[in-house]
Amino acid sequence: MRSAPTILHLDMDAFFAAVEQAAKPSLRGKPVIVGGLGPRGVVATASYEARVHGVHSAMAMAHARRLCPNAAYLVPRFGVYRQVSDVVMDILARLSPLVEPLSLDEAFVDLEAGGIGDEPRRVGERLRADIRAATGLTGSVGLAGSKLLAKIASEQAKPDGLVVIEPGTERDLLAPMQVRTLPGVGPATAEHLRRGGITTVGEVVEAGEAELVRLLGRAHGAHVHGMALGVDERPVVPDREHKSISVEDTFDVDLTDRVRIRLEVDRLADRCVRRLRAAGRSGRTVVLKVRRYDFTTLTRSETLRAPTDDLTVVRETAERLLEAVDLTGGVRLLGVGVAGLADFTQEDLFAQAAEREEAHPDDEGAAEAGEGVAESAGAAGTPAVTERRWTPGQDVRHSEYGAGWVQGSGVGRVTVRFEEPKSVLPGRVRTFAVTDPDLEPSEPLPLVSSGDG
């Protein structure tokens with residue numbers, strides 16, 4: 001344990017919802033809920049205005065709508081959140097070479113490694129000001145002598161605050177807290193402890209290490225007892241390695257058509273590979289996840305001869321895995337992932353391309369033939385028509401009215417509010433046909449203009 005509070009934990013406040021409020025002036029100060037909007041969707045983040053109604057992350061979206069029917073319900077814009085997160089992480093990197101990101105909106109920083117040992121409170125306040133200036137958003141900061149306590153401090157600081165836990169005060173602070181506060185104590189462990197008459201951190205200390213070992217086993221019991229004493233020697237580890245990269249979707253209605261299921265697997269493989277490439281990684285093992293109609297979850301995997309980030313390889317492997325799964329009764333969730341990650345090497349791609357050419361020498365010609373059929377159909381006056389989909393929160397631009405975002409759509413119409421992050425007042429709302437040629441999807445505008453940051 002350190003003798004000075006030089007471990008910093010930053011947690012951005014209601015991050016996804018706060019980004020949406022910063023981007024959309026009409027939503028500032030109002031309840032905003034971000035997540036999957038279908039019947040089986042879940043809440044990713046709720047603004048503090050929505051939380052007072054009892055809405056919280058991981059809640060079923062249908063339940064959230066009952067609790068807070070007047071909130072703005074938006075689909076996540078992960079590309080925007082990642083851009084903002086990159087700005088925040090760059091600011092943290094100025095403080096120390098040891099920055100451990102936990103997610104897009106949360107990280108530990110070792111101030112001591114950055115040569116900052118004095119006045120940690122001043123450093124924390126300056127950090128919060130820098131983040132607000134660069135992004136327009138607020139973050140809560142905790143400072144302590146360990147990661148455990150720094151995270152507890154940032155939770156106490158929410159929203160938009162700073163808390164410093166001075167070394168020597170740990171045990172008094174922890175004693176009244178629930179055991180779930182401690183890292184490694186999940187619902188199952190908490191239930192074991194409750195059956196033993198232990199519900200608070202103070203009671204863990206009173207029980208003693210021997211009793212904890214009896215209840216939880218040697219390694220786990222000793223770990224929990226040490227944490228209850230405030231002993232946490234975990235270092236701040238930069239660039240935490242991801243063991244896998246995956247994507248998954250839950251469907252509003254169970255899928256029963258095998259062709260549709262295969263198309264969804266292909267789409268998930270495409271998203272997974274894009275994430276893999278964005279991370280500059282490749283992987284050896286392709287994983288398929290299937291949750292059936294009765295909630296049973298099946299996982300199938302295949303390990304390749306070499307790491308890959310090639311879409312065709314991942315897609316074909318996932319399709320092979322799907323063939324071995326019983327889809328009778330329907331599917332409610334599908335996922336595709338790549339594990340066994342490694343740094344990508346150019347030779348892998350060439351080797352896999354050669355293997356595909358040997359196995360399917362006529363693929364390219366078949367693709368060209370398919371394009372020819374599509375072109376001839378168009379020439380015959382029967383072009384394929386794809387209806388444009390507009391999702392709540394989506395960035396758009398109109399040739400006459402400028403930048404805006406989709407409030408909702410249905411029955412062939414789409415409603416757009418035209419406003420920008422820099423707007424002082426809420427923008428005007430207009431409705432168009434979903435096929436209006438003057439309305440197009442657009443890139444998001446920066447939350448803070450270069451002149452403001």
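This briefing walks through two sheets, a helix pair and one buried arginine. The model is predicted, so local features need pLDDT of at least 70 and side-chain atom pairs count only at pLDDT 80 or more, while totals for chains, interfaces and linings use all residues. Residues are numbered from 1 along each chain as its sequence is written, and side-chain values use heavy atoms, with hydrogens and water left out.

**Reading the terms**

- Helices (H or I, at least four residues) and strands (E, at least two) are DSSP runs, numbered from the N terminus.
- Two strands pair if DSSP finds at least two bridges between them.
- Axes are lines fitted to C-alpha atoms, for helices over the stretch in contact, and angles run from 0 to 180 degrees between N-to-C directions.

**The mixed sheet**

- Take the strands in the order β5-β6-β1-β7-β8 and you have an open sheet of five, with mixed pairing.
- At its edges are β5 (99–103) and β8 (162–164), each pairing on one side only.
- From one strand to the next, the twist averages 15 degrees.
- Helix α6 (residues 147–157) lies across β1, β5, β6, β7 (139–144) and β8, and runs at about 145 degrees to β7; contact here means heavy atoms within 4.5 Å.

**A closer look at β6**

- On one side, β6 (residues 106–110) pairs with β1 (residues 7–12) in the antiparallel sense over five bridges.
- Within this pairing, His-9 has Phe-108 as its bridge partner, and Ile-7 stands opposite Asp-110.
- β5 and β6 also run antiparallel, joined by four bridges, and Val-99 is matched with Val-109 of β6.
- The hairpin that joins β5 to β6 passes through two residues.
- Strand β6 is mostly covered, with five of its five residues buried (under 20% relative accessible area, against over 50% for exposed and in between for partly exposed, using a 1.4 Å probe and protein chains only).
- Glu-106, Phe-108 and Asp-110 point one way from β6, Ala-107 and Val-109 point the other way, and all are buried.

**The antiparallel sheet**

- Another open sheet of five strands follows the order β16-β15-β14-β13-β17, and its pairing is antiparallel.
- β16 (428–433) and β17 (439–441) each have a single partner strand, so one side of each edge strand is left without a neighbour in the sheet.
- Neighbouring strands here are turned by 40 degrees against each other on average, direction ignored.
- Strands β14 (residues 402–410) and β15 (residues 413–418) run antiparallel and are joined by five bridges; Trp-405 has Arg-417 of β15 as its bridge partner.

**Two helices that cross**

- The axes of α8 (residues 187–195) and α10 (residues 209–216) come within 10 Å and cross at roughly 120 degrees.
- That angle makes α8 oblique to α10 (under 35 degrees counts as roughly parallel, over 145 as roughly antiparallel, 65 to 115 as roughly perpendicular and the rest as oblique).
- Thr-189, His-192 and Leu-193 of α8 make the contact with Leu-212, Leu-215 and Leu-216 of α10.

**Arg-292, a buried arginine**

- Arg-292 lies in strand β10 (residues 281–292) and is buried, with a relative accessible area of 13%.
- Its side chain reaches the backbone oxygen of Thr-328 at 3.0 Å, a polar contact (a pair of N or O atoms within 3.5 Å; within protein, one must be able to donate a hydrogen and the other to accept it, and residues adjacent in sequence count only if both atoms are side-chain atoms).
- Not counting residues up to four places away in sequence, Arg-292 touches Leu-298, Asp-326, Thr-328, Gly-330, Val-331 and Arg-332.
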